[in-house]
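This report sets out the fold and the metal site of one protein model. The sequence and the coordinates are shown first.

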Amino acid sequence: MNDMKTRQAFKFRLGPTSEQDSVLSRHAGGVRFVWNKALDLQTKRRDAGMPLLSYGDLAKLLTLWRSSEEYGFLSLGPVHPQQQALKTLDRALWEALDRRNPKRFPRFKRKGEGDSLRYPDPLQIGLDLSTRDKDGRIVLPRIFLPKVGWVKVRLSRQIAGEIKNATVTCKAGRWAVSIQTETDVPEPEMRTSREIGLDLGVVSFATRSDGTRLHPDPAILSAMKRAEDRLRREQRRLSRKYRKGPKSRNFAQQKLRVARAHEKLSDMRRDFLQKTSTAMSETQAVVYIEDLKIRNMTRSARGTKDAPGKNVRQKSGLNRSILSQGWGTFLSLLESKLARRGGRLVRVDPRNTSRTCAACGHVSPENRPDQATFRCVVCDHADHADVNAAKNILRAGHARCACSEAQTSESAA
Ligand SMILES: [Zn+2]
């Protein structure tokens, strides 16, 4: 009965030796060359009103190039990533020529622009997870890449599932590998009572209806704050170094520093989002969440208009820059992780969740004396504003699900 499969991607930093680093750069250069050459060919055919070559034709050309004297250097690189570039180009061209919904025409690639090597054959890549060598010395895990050899890989989490393919990319001068795996999806669990409402807040990253706050540890948060300060500083330096005309070597170096600072901050953010979403998907069956699209239309930052608190600006500033950019990512991670376990994420209408009393249902902006506090003007029920909101989200979710289930059974009858 169970033949559902799901794909997952695991991304890790690579630690190539300087020799491997230049080999990888050459391979990426070969892939770029193939892309640009094929794109040039196809563009000329299009401009001359000739039909485009198919992927099959291009693949045959690639074989010729690789054995020719002129382009023989291509055969120093692995063939699969070069073929993959042709496949990607072929798809991009078809999408660009689609009359009903045309996408942007593919562009020529320059060095350092989205360098990537895709290895579609799992048999050509190998993963060695041993932590000791044959003499008992501690070693790092490594990955085997065709025509490169064994490259050290920094495994930041466990890989689950069967390896299907791998993509090696270079960003800000650093190599990373993304390994895609396939796992069987378990039979969906029965709906349990493990349901929760989640309020995406301004002061905390998020608050659960049982009162738990989701927030990075203070130590991690301050490390993130430092990483953010660093990024701002490097960005200011970059803008000081900017001048019109040809860019200096100094400018290029500073640009790299900005890119690294950016990477560092987003790595920390991603780590927090990964861990938080994993933990939640392991303990909950259904998570109710405000529909962010509707929420963004109805209010910019909750409470600031109705009931501005004293420290709101400062605290929300911190949170907004470091974490709220992560809400979208968090929700999509959570959604796929829940689905993998047979659970689900349900979006509810966010209207009034912040000003409704979770105890008696009274709706009034006066229920919010300040940003952090909820106090019902009718029944005197008091709670943290975010916890009260999360409880309302849970209730709205229950109402929505009960309603749609009633509809389904009606239409089935
Ligand atoms: Zn009340």
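The sections below move from the overall chain to the helices, the strands and the metal site.

## Overall composition

The model is predicted. Its protein chain contains nine helices and 14 strands. Of the 413 residues in the chain, 40% are buried, and the accessible surface comes to about 23,900 Å². Carbon and sulfur atoms account for 52% of that surface.

Contacts in the chain also link distant parts of the sequence. Among those between residues at least 6 apart in sequence, 66% join residues at least 24 apart.

## Helices 1 and 3

Helix 1 covers residues 18-47. At 1.5 Å a residue, its 30 residues should span 44 Å, and the end C-alpha atoms are 43 Å apart, so the two values agree. After helix 1 comes Gly49, which has a positive phi, near 75 degrees.

Helix 3 comprises 19 residues, 79-97. From first C-alpha to last it reaches 27 Å, close to the 27 Å expected at 1.5 Å a residue. The buried residues of helix 3 include Leu86, Leu89 and Leu93, together with the polar or charged Gln82, Gln84 and Asp90. The buried residues of this helix pack against helix 1, helix 2 (55-67) and strand 2.

## Strands 2, 6 and 7

Strand 2, which takes part in the packing with helix 3, spans residues 116-119 and runs antiparallel to strand 6 (residues 162-171). Four bridges join strand 2 to strand 6; in one of the pairings, Arg118 has Thr167 of strand 6 as its bridge partner.

Strand 6 is also joined to strand 7 (residues 174-184), again in the antiparallel sense, by nine bridges. Cys170 has Trp175 of strand 7 as its bridge partner. Strands 6 and 7 form a hairpin with two residues between them. In the turn, Ala172 has a positive phi of about 50 degrees.

## The five-stranded sheet

Which strands make up the open sheet, and in what order? Five strands form it in the order 10-9-8-11-12, with mixed pairing. Strand 10 (213-214) and strand 12 are the edge strands, because each pairs on one side only.

Strand 11 (residues 286-290) pairs with strand 12 in the parallel sense over five bridges. Val287 has Leu345 in strand 12 as its bridge partner.

## The zinc site

Which protein atoms serve as donors of the zinc ion? They are the SG atoms of Cys357, Cys360, Cys376 and Cys379, which lie 2.3 to 2.4 Å from the ion. The angles among the four donor atoms are 106 to 115 degrees, and the site is tetrahedral. In sequence, the donor residues follow the spacing C-x2-C-x15-C-x2-C.

Cys357 is located in the loop between strand 12 (344-348) and strand 13 (373-375), whereas Cys379 is in the loop between strand 13 and strand 14 (382-384); the pair therefore ties together parts that are 22 residues apart in sequence. Are these two cysteines buried or exposed? Cys357 has 0% relative accessibility and counts as buried. Cys379 has a relative accessible area of 35% and is partly exposed.

Key. Residues numbered from 1 in each chain as written. Predicted model: local features only at pLDDT ≥ 70, side-chain atom pairs only at ≥ 80, totals over all residues. Heavy atoms only, no water. Buried < 20%, exposed > 50% of the residue type's maximum accessible area, 1.4 Å probe, protein only. Contact = heavy atoms within 4.5 Å. Areas by Shrake-Rupley, 256 points an atom, 1.4 Å probe, with all protein chains shown as cover. Donors = N, O, S within 2.8 Å, 3.2 Å for Na, K, Ca; no water. Tetrahedral: all angles 85-135°; square planar, octahedral: opposite > 155°, others 65-115°. Expected span 1.5 Å × (residues − 1).
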